[in-house]
Amino acid sequence: MLLAKLAATRSTCISRPVGVVIVLDRQVLVTGYNGAIPGGPHCTDEGRCYRRGLPFANDANKQNYCRSSHAEANALAQAARRGIAIKGATIYQTLAPCYTCTKLMAVAGIRRVVFEHEYESQDRERDMMWRKAIEEAGMEVVQIKPSETAIRQAVAFIAGETSERRLDEQSP
């Protein structure tokens, strides 16, 4: 999950930075984050959420007007573009998937979804549709949150000299 959180730092979404990592047999296959399409303007560059600035966009139709692709969709597209087989893989993501991304993951053969935070939009019924799709597809779903200890260790490691020699050259 910590790698998914790092992937989220690449997000260009002001509203909800999301990151994902797709793993198979303990090997990272691909990462993804939410952001504008290649060549498109990024909300982080403009300093505002494009969708929220539209007078007719609301929570019910937000996916019709958001310029960002979801992190899961980006990761699946990256795997497809690079010819990386992901059938049977696990996806770790910082936010529960939407219904559309759940369907994409099921079709791509993702076996297990591990997420950190619930989506929690204003439409609880819509938010629960993805869980029904997971069940119908026979996928496993697990919610986890990294422990404070794991986060502290990761921050300490990243803040330090990451590749600095740790053992004396004379050590066996």
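Which residues in helix 5 (residues 99-108) are buried? In this predicted model, Cys101, Thr102 and Met105 are the buried residues of helix 5, and the sections below place them among the strands, cores and loops around them.

## Helix 5 and its buried side

Around the axis of helix 5, Cys101, Thr102 and Met105 cover an arc of only 105 degrees, which puts them on the same side of the helix. The buried residues of helix 5 pack against helix 4, strand 5, strand 6 and helix 6. After helix 5 comes Gly109, a residue with a positive phi near 95 degrees.

## Strand 1 and its partners

Strand 1 (residues 19-24) is largely enclosed by the rest of the structure, because five of its six residues are buried. Its pairing with strand 2 (residues 27-33) is antiparallel and runs over six bridges, among them the one that joins Leu24 to Gln27 in strand 2. Strand 1 also pairs with strand 5 (residues 90-95), again in the antiparallel sense, here over four bridges, and in this pairing Val21 stands opposite Tyr92 of strand 5.

## The turn between strand 1 and strand 2

The hairpin of strand 1 and strand 2 has two residues between the strands. Asp25 and Arg26 both lie in this loop, and each has a positive phi without being a glycine, at about 50 degrees for Asp25 and about 65 degrees for Arg26. Most residues other than glycine have a negative phi.

Are these two loop residues, Asp25 and Arg26, buried or exposed? With a relative accessible area of 66%, Asp25 is exposed, and Arg26, at 82% relative accessibility, likewise counts as exposed. The cut-off behind both assignments is a relative accessible area over 50%.

## Nonpolar cores

The largest nonpolar core has 21 residues, and those with the most contacts inside it are Ile22, Ile86, Ile91, Met105, Ile110 and Val113. Strand 1, helix 4 (71-82), strand 5, strand 6 (112-117) and helix 6 (124-137) are the elements that give two or more residues to this core, and the largest share, four residues, comes from helix 4. A second, separate core of five residues includes Met1, Val21, Val23 and Val114.

Ile91 illustrates the surroundings of one residue of the largest core. Not counting residues up to four places away in sequence, Ile91 touches Val20, Val21, Ile22, Glu72, Met105, Ile110, Arg112, Val113 and Val114. Among these contacts are Met105, which is also one of the buried residues of helix 5, and Val21 and Val114, which are members of the second core.

## Ring contacts

Which residues form an aromatic pair that is edge-to-face? Phe115 and Trp130 do, with 5.5 Å from centre to centre and 90 degrees between the planes, and the count of aromatic pairs comes to one. Because Phe115 lies in strand 6 and Trp130 in helix 6, the pair ties together parts that are 15 residues apart in sequence. Both rings belong to residues that count as buried, Phe115 at 1% relative accessibility and Trp130 at 2%.

A contact of another kind involves a charge and a ring: the charged end of Arg16 sits over the ring of Tyr119, 4.6 Å from the ring centre.

## Thr94 and Lys87

Thr94 lies in strand 5 and counts as buried, at 8% relative accessibility, a value that falls under the 20% cut-off for that class. Leaving aside neighbours within four places in sequence, Thr94 is in contact with Met1, Ala4, Lys5, Pro17, Val18, Gly19, Glu116 and His117. Of these residues, Met1 also belongs to the second core.

Lys87 is found in the loop between helix 4 and strand 5, where, at 72% relative accessibility, Lys87 counts as exposed. With neighbours within four places in sequence again set aside, Lys87 is in contact with Leu24, Ala108 and Gly109. Leu24 is the residue whose bridge partner in strand 2 is Gln27, and Gly109 is the residue that follows helix 5. Measuring from C-alpha to C-alpha, Lys87 and Thr162 are 33 Å apart in space, and they are 75 residues apart in sequence.

Note on methods: Residues numbered from 1 in each chain as written. Predicted model: local features only at pLDDT ≥ 70, side-chain atom pairs only at ≥ 80, totals over all residues. Heavy atoms only, no water. Buried < 20%, exposed > 50% of the residue type's maximum accessible area, 1.4 Å probe, protein only. Pairing = 2+ DSSP bridges. Core = buried A, V, L, I, M, F, W, Y, C linked by side-chain atoms within 4.5 Å. Contact = heavy atoms within 4.5 Å. Phe/Tyr/Trp six-rings, centres within 6.5 Å; stacked < 30°, edge-to-face > 60°. Lys NZ or Arg CZ within 6 Å of the ring centre and 35° of its normal. Arc of directions from axis to C-beta.
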